[in-house]
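Open your viewer and get comfortable. Here is a short tour that goes from one selection to the next.

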Amino acid sequence: MTVVNWEEIDTLLLDIDGTLLDRNFDDILWEQLLPSRYSENNGFDADSARKALLQHMRELAHTLDYYRIDYWTEYTGVDLLALHHEVAHLLEFRPGARAFLDWLRRKDICSILVTNAHRDCFAVKDSYCDLSDEIATIVSCHDYGHPKETQEFWESLNEAHPFDSARTLFIDDDEAVLDAARQYGIKHLLTIRQPDSKRPVRRGLRFPSINNLMELVPADLVAPKFLVHGYSRWRFA
C-alpha cells in the first residue's frame with residue numbers, strides 16, 4: 001500500500017476524470033464517438049476525419065481551448081453535451097473511489113475537486129454520479145481562464161481557496177498537470193496507474209502512483225478481506 005501520513009495533510013485536491021471516474025467514458029467520447037459524428041455530419045472520409053481531428057486535439061493539448069466544449073462544438077458542428085448524455089451509461093467510479101470519499105468525510109481535511117472539464121460537462125457527470133454530494137467544493141479551470149497545466153491556475157486557486165502547499169496532497173492522472181503543481185510548490189503528489197479501465201496499466205510514471213484510492217486509507221481502518229474487491233464493496237473496521 002502507498003503510505004500517506006494524513007497528519008501532514010490539511011488540504012486534498014482531487015482530479016475527477018481518470019482519478020475519481022473511469023477515464024474510459026472520456027476516451028470513448030472524444031477519441032471514437034466525436035470523430036465518427038464529425039465525419040458523418042460533414043461528409044468526410046471517416047478515417048481521414050478521425051486522424052485530422054485527433055491531430056488538432058494534440059496541437060491544442062494543455063491549452064484552455066483543448067478543454068472548451070464550446071470550441072469543439074463550433075469546430076466539429078457536433079452537439080458535445082448531447083454526446084455526453086448518449087454515453088452516460090459508461091460513467092463509473094474508479095476502484096475504491098466512492099468508499100474513499102466516504103472515508104474522507106470522516107476526516108478534518110479541506111477537500112476540493114479540481115478539474116479541467118468545462119462546467120457544462122461536469123454538470124452532466126454530476127447529474128449521473130452525484131459528485132457534488134460527495135465534495136461540495138468544485139473548481140473548474142474555466143473559472144480562472146487557465147488550465148491546470150499553468151502556474152496561473154494554481155495562483156488563482158490558492159487565492160480563491162487558500163492552502164499551504166507543503167501540507168497539500170494532489171492526486172491527478174495527468175503528469176503534465178502534476179508537473180505544474182510541483183513547480184508551484186505542492187509537496188505531496190500522486191498519480192493513477194490505470195485511469196482508463198479498458199487500457200493497460202501505465203508503466204514508467206514519474207510520480208508515485210496508486211490504482212485503488214483505498215490504498216490511501218490506513219490498513220487498520222479497513223477489513224482486509226475487502227481489499228481485493230472492486231468499486232464500492234468496502235467495509236470499515
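Helices here are DSSP runs of H or I with at least four residues, numbered from the N terminus, and a residue lines a pocket if it has an atom within 4 Å of one of the pocket's grid points. Keep in mind as you click that this is a predicted model.

**Stop 1: the largest pocket**

Begin with the largest pocket, which holds about 970 Å³ of space. Select Arg 23, Asp 27, Tyr 66, Tyr 67 and Asp 174: of the 37 lining residues, these are the closest to the pocket's centre. Next, colour the elements that each give two or more residues to this lining: α1 (24-42), α2 (46-60), α3 (69-76), α6 (119-129) and α9 (175-184). Which of them gives the most to the lining? That is α1, with 4 residues. If you colour the lining by residue type, you should find 17 charged, 14 nonpolar and 6 polar residues.

**Stop 2: Arg 23 and Asp 173**

Stay with Arg 23, one of the residues closest to the pocket's centre, and add Asp 173 to the selection. Their side chains form a salt bridge, with N and O 2.9 Å apart. Arg 23 sits in the loop between β1 (11-14) and α1, while Asp 173 sits in the loop between β4 (168-171) and α9, so this contact links parts of the chain 150 residues apart. Buried or exposed: how does Asp 173 count? Asp 173 counts as buried because its relative accessibility is 5%, and buried means under 20%. Arg 23, at 25%, is partly exposed.

**Stop 3: Glu 31 and Arg 199**

Now move along α1 to Glu 31 and show Arg 199 as well. This pair meets in a salt bridge too, at 2.6 Å from N to O. Glu 31 belongs to helix α1 and Arg 199 to the loop between β5 (188-192) and β6 (209-210), so the bridge ties together parts that lie 168 residues apart in sequence. Both ends are partly exposed: Glu 31 has a relative accessibility of 25%, and Arg 199 has 37%.

**Stop 4: Arg 68, Asp 70 and a network**

Select Arg 68 and Asp 70 next. The closest N and O atoms of this salt bridge are 3.1 Å apart. Arg 68 is partly exposed at 24%, and Asp 70 is partly exposed at 39%. Then select Arg 98, Asp 102, Arg 105, Arg 106 and Glu 134 together, and you will see one network joined by salt bridges that share partners.

To end the tour, show every salt bridge in the model: the count comes to 23.

Conventions: Residues numbered from 1 in each chain as written. Predicted model: local features only at pLDDT ≥ 70, side-chain atom pairs only at ≥ 80, totals over all residues. Heavy atoms only, no water. 1 Å grid on protein atoms, 1.4 Å probe; cavity = no way out; pocket = protein on both sides within 12 Å on 5 of 7 lines; lining within 4 Å. Points joined across faces, edges and corners; volume = space filled by probe spheres on them. Nonpolar A, V, L, I, M, F, W, Y, C, P; charged D, E, K, R; others polar. Salt bridge = Lys/Arg side-chain N within 4 Å of Asp/Glu carboxyl O. Buried < 20%, exposed > 50% of the residue type's maximum accessible area, 1.4 Å probe, protein only.
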